[in-house]
Every structure is written in C-alpha cells, then in structure tokens.
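This report walks through selected sites and helices of one structure. Please keep the sequence and the 3D view open while reading.

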Amino acid sequence: MGEGLRIDPWSSSQPTDYANIIAQFGLQSLDDIEIPDPSHLHRRGLIFAHRDLDVVLSAQSAGQPFGVLTGLMPSGRMHLGHKMVIDQISWFQNLGGDVTIAVADLESNATRGLSLELARKVALEEYVANYAALGLRPDSTQVYFQSTRSVVQKMAFTLGKRTNLSEFEAIYGFSGDTNLAHVMAPLVQAGDILHPMLDEYGGLRPIVVPVGIDQDPHLRLTRGLAAKSNWFNLKSRKGGGLTIGLSVQDDNSMALGVAVDGKLDRKVRQSVIDNIVAEVADLGFADILPNAKHGSVQIPSATQSDRSPIKMKLLRLERSMGGVGLLQPASTYHRFAVGLTGDKMSSSVPDSTIFLTDEVATVEKKIKRAFSGGQPTVEEHRRLGGDPDVDVAYQYMMYFFEDDDKYLAEVNVDYRSGKILAGEMKQLCIDRASEWLINHQQLRDQTAHLVSDFLAADSR
Ligand code: TRP
C-alpha cells in the first residue's frame with residue numbers, strides 16, 4: 001500500500017491519497033499542533049501536513065525571527081491555486097515572518113523559453129500586482145530574480161556536490177534522456193529556499209515554505225542537502241537523550257581536527273569538543289559527556305524538544321568556524337482544489353481554473369459549466385441529495401470564496417440532503433466569486449503603485 005508512490009512536480013495528474021502521502025513521505029500531521037489565529041485553510045483541514053512547522057511557531061511565539069518563502073513561475077496567468085499559496089504567505093507575514101519571493105526566471109527561461117525581460121514583466125504585472133491586492137505588505141517582502149542573485153546560483157552549484165544522478169532518479173524519476181536544465185532547476189530551487197538564512201539575507205532563522213504536495217520532492221531534496229552539509233549532527237542517544245556527532249567532510253576535516261595525513265589532531269579536536277560543550281552548557285544542561293576521540297558529545301538529559309535550540313547553537317558554531325550552517329527548511333502542505341473541469345487545475349487549461357484577471361462574465365460561464373456533484377434530475381436530487389465532496393461549486397466556496405464556517409456547514413448539509421439543487425449551488429458560488437473578484441480588481445487598482453516597493457534592492 002502506497003509503496004512506490006512517486007510525486008512528480010511536473011505531472012499533469014494529482015495525488016489525492018493524503019493519508020498515504022503522509023505515511024510514505026514521513027510528513028507530520030497538523031493535528032497535534034496548535035495554530036495561532038487559524039485561517040480558513042487551517043480550520044477546514046485544507047492545509048493537512050507539515051515538516052518542522054513546530055520549529056517555526058516556537059520561534060514566532062518566542063518573538064524570534066522567522067521567514068517564509070515561495071517562488072513563482074513567471075509564465076501564464078495567476079489563478080486561484082496560486083492565490084492559495086499567497087494567502088498562506090500573507091498569514092505568516094501577519095504572524096511576524098519576513099517574506100522572500102523567488103521569481104523563477106532562470107527556470108522559465110530554460111524550460112519554457114521565456115526571455116528574462118518578458119519573465120520580469122509577467123512577474124510584476126501578473127503576479128506581484130495581484131499579491132499586493134491580496135494584502136501582502138511590501139515592507140517585509142523581498143521579491144528577487146534567480147537570474148540576478150548570484151548567491152542562489154552559487155548555492156545551486158555547491159549544493160550539487162551533496163547529491164548525484166541516482167538520487168535525482170529516485171526523487172524525480174529522471175533518466176538518461178532528461179534535459180540537464182531540468183536537472184538544474186531543483187538545485188537552483190534549493191538555492192532559493194536556503195539562501196535567505198545566510199547572514200547577508202536575514203541570517204540564521206527558521207524558514208517555512210508553504211506548498212502543494214506536488215512540490216514536496218523539492219523540499220525533500222533541499223532538506224537532505226542542508227542536512228548533508230552540516231558539520232555537526234544530532235541523533236537520539238541510546239538509553240535516552242541526544243548525541244552530537246561530527247560530520248567530517250573534505251572541506252571541514254582540518255577544522256574538525258583531522259590532519260592532512262588523516263591522523264587526529266588532538267589539540268584542534270579537543271577545542272572543537274570544548275566549544276560544543278560550552279554551547280550546550282549555555283542552554284542549561286549540566287550532565288554532558290564529551291568524547292574527543294570519537295568526536296561526540298552526549299547529553300543524556302536532553303529531550304526531543306531540546307533538539308531545535310541545540311541545533312541552532314550548533315549551526316552558529318559551524319558558522320563561526322567557517323561553515324555555511326544551514327537549517328533544514330520547514331514546510332506546510334495544502335490539498336489541491338480540483339480543477340473546474342474535474343481534472344487538475346492548470347494555467348495551460350483556462351477552463352480548469354479562474355484567473356485573478358478574468359471578467360465576471362467569464363467566471364460565471366466557467367462555474368456554470370463546472371463539474372457538479374448533483375443528480376441527473378431534480379426528482380433524483382431531492383431524493384438522493386448532492387455530493388459536496390466532488391461538487392466544484394461547493395469546493396470553490398470552501399477553498400476560496402466563503403469565509404463564514406457556519407454558513408458553509410449549513411450549505412453542506414442542505415446540499416447533501418437535496419434541499420439545495422445543483423444549479424442553485426452553482427449560483428451561490430457565482431455570487432460569491434463575482435463579489436470577491438470585483439472587490440479584488442478594485443484593490444488591484446488601489447495597490448498598483450506599490451508593486452515596485454516589493455522588489456529587493458538587487459532587483460529594482
Ligand atoms: N518551481 C516552482 C513552480 O513551478 C517555482 C519556484 C521556484 C519555487 N523556486 C521556488 C517554489 C522556491 C517554492 C520555493 O511553481
């Protein structure tokens with residue numbers, strides 16, 4: 001069951017077996033996390049899993065900095081699926097997170113043939129203009145371009161050292177005829193995700209990336225790359241507690257006390273271990289068992305909740321010794337709203353979604369034609385009821401347009417019982433969608449002057 005399931009970010013179909021996905025890819029369920037000021041996406045279970053969100057929320061509640069990041073593909077038009085991500089970015093921004101947005105212009109240039117000039121125009125006019133209208137604030141947002149931020153490209157190159165083609169085959173299903181631009185894209189994306197925690201881009205802090213489940217392969221790759229680059233690793237200790245180990249690699253062996261001839265440099269090693277002990281003691285641990293020869297430090301009394309503060313100390317120590325000190329990015333996963341047609345929502349199939357610049361009349365037409373969970377005749381519908389779980393009009397109210405949980409629950413019950421007919425359900429959705437769209441388009445006019453304020457200094 002679930003074995004061999006592969007999630008492909010470039011696929012035209014979409015996995016929906018969420019329980020299975022959580023199990024197979026080791027995601028964490030959101031059930032045991034307290035979400036502050038939950039949005040409708042949280043309240044309705046539409047964000048269903050995460051990795052390390054607890055680390056981000058602890059930073060938030062302690063008043064420590066954290067960041068949130070996403071990227072945009074500057075091709076096509078912004079649609080409701082994109083809006084769902086920006087709503088989450090905005091939610092994190094309102095909790096105090098700083099925002100970084102990567103314009104994937106290198107990727108769109110290499111894989112879709114868009115010129116960098118056109119990519120810039122599309123990014124600003126089609127995407128950032130809508131972000132501003134959705135309430136994202138320019139004061140703590142940095143939009144940048146992959147093509148002009150050299151540290152991102154540099155990281156793609158250096159992180160490449162931590163992986164190989166076999167891993168790419170396993171994660172993405174790449175094979176011998178895969179175009180190498182397609183191989184570069186995930187490495188550049190790893191650079192996008194990891195570089196904001198460098199000192200020049202905000203410094204070491206948790207970074208969370210809200211994504212649809214289709215992007216999880218990129219997160220898995222990036223988390224692996226970050227972990228493999230770490231100089232110190234943290235493991236559960238046999239018999240309880242945590243153990244810190246040294247990860248000796250060719251670029252840090254001297255610093256960690258392994259001389260050129262492979263022999264242990266006792267003095268250097270002892271001072272590394274002493275430094276680790278000092279960092280751990282600083283957190284208040286008294287019982288610390290260092291072993292310079294093995295290159296380990298055991299902390300028997302540490303618990304799982306001590307992992308994150310210890311990790312941060314170790315990353316800072318690594319940085320002070322010349323390492324890059326990368327924390328694994330956190331992520332959250334949202335479900336996909338089905339396309340209007342009943343298949344995947346996609347920019348390349350205009351009838352499958354609603355664009356944020358669609359005319360109201362167009363939206364009305366699209367919703368009228370949308371896949372319905374109603375019965376073929378009114379008589380049957382009254383008797384058997386409709387199915388809101390597959391009814392696109394209902395689903396779109398739930399995902400995008402209806403903020404009132406109580407009202408939505410009533411509509412759900414009334415549709416299921418047959419009291420609300422399929423056509424009536426569509427009309428409810430059309431009314432809400434039109435109202436939302438008209439308001440959004442007004443906001444876009446009002447916030448148009450803010451667009452350039454979103455750009456990072458290196459991107460103006
Ligand atoms: N690959 C993403 C897409 O196709 C765009 C992207 C680039 C991105 N860099 C990112 C998304 C970093 C999240 C994080 O839409």
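Which residues does serine 459 touch, not counting residues up to four places away in sequence? They are Arg120, Val143, Tyr144, Phe145 and Thr148. The model is a predicted one. Serine 459 sits in the segment after helix 17. The cut-off for buried is under 20% relative accessible area. Serine 459 has 2% relative accessibility, so it counts as buried. Its side chain also makes a polar contact with the side chain of aspartate 458, at 2.8 Å.

**The ligand site**

The ligand is surrounded by Leu69, Gly71, Ala104, Glu107, Gln189, Asp192, Ile193 and Gln215. Two polar pairs stand out for inspection. One joins a ligand nitrogen atom to an N or O atom in the side chain of glutamine 189, at 2.9 Å. In the other, a ligand nitrogen atom is 2.8 Å from an N or O atom in the side chain of aspartate 192. Taken alone, the ligand exposes 370 Å², and the protein buries 85% of that.

**Helix 9**

Gln189, Asp192 and Ile193 are listed around the ligand, and these residues are also among the buried ones of helix 9. Helix 9 covers residues 180-194. How many of its 15 residues are buried? The count is 11, and the helix is mostly covered. Besides the three just named, the buried set includes Val183, Ala185, Pro186, Leu187 and Val188. Ala190, Gly191 and Leu194 belong to it too.

The length of helix 9 can be checked. At 1.5 Å a residue, its 15 residues should span 21 Å. The end C-alpha atoms are 22 Å apart, which agrees. Asparagine 179 caps the N-terminal end of helix 9. A side-chain oxygen of asparagine 179 lies 2.8 Å from the backbone nitrogen of alanine 181.

**Helix 15**

Helix 15 runs over residues 392-401. Of its 10 residues, 10 are buried, so the helix is largely enclosed by the rest of the structure. Its buried residues include the aromatic-named Tyr394, Tyr396, Tyr399, Phe400 and Phe401. Val392, Ala393, Gln395, Met397 and Met398 are buried as well. Among the elements that cover them are helix 2, helix 4 (80-94), helix 16 and helix 17. At the start of helix 15, a side-chain oxygen of aspartate 391 comes to within 3.2 Å of the backbone nitrogen of alanine 393.

Two residues of helix 15 also meet a loop. Glycine 339 touches Val392 and Tyr396, along with Lys344, Met345 and Ser352, not counting residues up to four places away in sequence. Glycine 339 lies in the loop between strand 11 (330-334) and helix 13 (360-368). Its relative accessible area is 0%, so glycine 339 is buried. How far is the C-alpha atom of glycine 339 from that of leucine 69? The separation is 25 Å, with the two positions 270 residues apart along the chain.

**Helix 16**

Helix 16 spans residues 405-417. Its 13 residues should span 18 Å at 1.5 Å a residue. The end C-alpha atoms are 18 Å apart, which agrees. Leu408, Val411, Asn412 and Tyr415 are buried in this helix. Why do they lie on the same side of helix 16? They cover an arc of only 105° around the axis, which puts them there. An α-helix has 3.6 residues a turn, so residues three or four places apart point the same way.

The face turned away from the buried side carries the exposed residues Lys406 and Val413. Cover for the buried residues includes helix 14 (378-384), helix 15 and helix 17 (422-447). At the start of helix 16, a side-chain oxygen of aspartate 404 reaches to within 3.0 Å of the backbone nitrogen of lysine 406.

**Positive phi values**

Three residues with positive phi are set out here.

| Residue | Phi | Place |
|---|---|---|
| Aspartate 37 | about 45° | loop between strand 1 (28-29) and helix 2 (40-43) |
| Aspartate 52 | near 60° | loop between strand 2 (47-51) and helix 3 (53-61) |
| Glycine 418 | near 95° | follows helix 16 |

Aspartate 37 is not a glycine, yet its phi is positive. Aspartate 52 is likewise a residue other than glycine. Is aspartate 37 buried or exposed? Its relative accessible area is 62%, so aspartate 37 is exposed.

Definitions and conventions:
Residues numbered from 1 in each chain as written. Predicted model: local features only at pLDDT ≥ 70, side-chain atom pairs only at ≥ 80, totals over all residues. Heavy atoms only, no water. Helix = DSSP H or I, 4+ residues; strand = E, 2+ residues; numbered from the N terminus. Expected span 1.5 Å × (residues − 1). Buried < 20%, exposed > 50% of the residue type's maximum accessible area, 1.4 Å probe, protein only. Arc of directions from axis to C-beta. Contact = heavy atoms within 4.5 Å. Polar contact = N/O pair within 3.5 Å; in protein donor to acceptor, adjacent residues only side chain to side chain. Near = heavy atom within 4 Å. Areas by Shrake-Rupley, 256 points an atom, 1.4 Å probe, with all protein chains shown as cover.
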